[in-house]
Amino acid sequence: MNYFLFFALIYLIIINIITAVVTVIDKKRAIKNKWRIREKTLILLALFGGGISEYLTMKMIHHKSKHKKFMIGLPFIIFAHIILIILLIL
């Protein structure tokens, strides 16, 4: 395995863990009516590679599941990332 693929894989694992944790934190803060994480931050985390974990976490904990921005936007971001990966591999 070359170094680029190795570090890309490590990056994706880390960004997805961070994104899942941030999503759970936002859900807990929403329940307690506390200060929330900006939607812009959640979208940026998805754009930086955490879209899969954010989407799955939101579905599991029923967080922002009624927001079209997330339920349509996140699958679109994931699809765009898959196309980008395919293009990079070819």
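Colleague: At the start of H1, which backbone nitrogen does a side-chain oxygen of Asn2 reach?
Modeller: This is a predicted model. At the start of H1, the Asn2 side chain places an oxygen within 3.2 Å of a backbone nitrogen. The residue that owns this nitrogen is Phe4.

Colleague: What span does H1 reach from its first C-alpha to its last?
Modeller: H1 has 29 residues. At 1.5 Å a residue, 42 Å is expected. The span in the model is close to that, at 42 Å.

Colleague: Just after H1, which residue takes a positive phi?
Modeller: The place to look is just after H1, where phi is about 55°. The residue with this positive value is Asn33.

Colleague: Which helix is included in what covers the buried residues of H1?
Modeller: The buried residues of H1 include Ile15, Asn16, Thr19 and Asp26. Among what covers the buried residues of H1 is H2.

Colleague: Which helix gives the largest share of the largest nonpolar core?
Modeller: That core has 12 residues, among them Ile15, Val22, Phe70 and Ile77. Helices H1, H2, H3 and H4 each supply at least two of its residues. The largest share is five residues, and it comes from H2.

Colleague: Which residues does Ile77 touch, leaving out those up to four places away in sequence?
Modeller: Ile77 belongs to the largest nonpolar core, as do Ile43 and Ala46. With residues up to four places away in sequence not counted, Ile77 touches Ile43, Ala46 and Leu47.

Colleague: Where in the protein chain is confidence lowest?
Modeller: The chain has a mean pLDDT of 93, and 99% of its residues reach 70 or more. Confidence is highest in H2, at 96. The lowest mean, 89, is in H3.

Definitions and conventions:
Residues are numbered from 1 along each chain as its sequence is written. This is a predicted model: local features need pLDDT of at least 70, side-chain atom pairs count only at pLDDT 80 or more; totals for chains, interfaces and linings use all residues. Side-chain values use heavy atoms; hydrogens and water are left out. A nonpolar core is a set of buried Ala, Val, Leu, Ile, Met, Phe, Trp, Tyr and Cys residues joined through side-chain atoms within 4.5 Å. Buried means under 20% relative accessible area, exposed over 50%, partly exposed in between (1.4 Å probe, protein chains only). Helices (H or I, at least four residues) and strands (E, at least two) are DSSP runs, numbered from the N terminus. Contact means heavy atoms within 4.5 Å. pLDDT is the predictor's confidence in each residue, from 0 to 100. The expected span of a helix is 1.5 Å times one less than its number of residues. A polar contact is a pair of N or O atoms within 3.5 Å; within protein, one must be able to donate a hydrogen and the other to accept it, and residues adjacent in sequence count only if both atoms are side-chain atoms.
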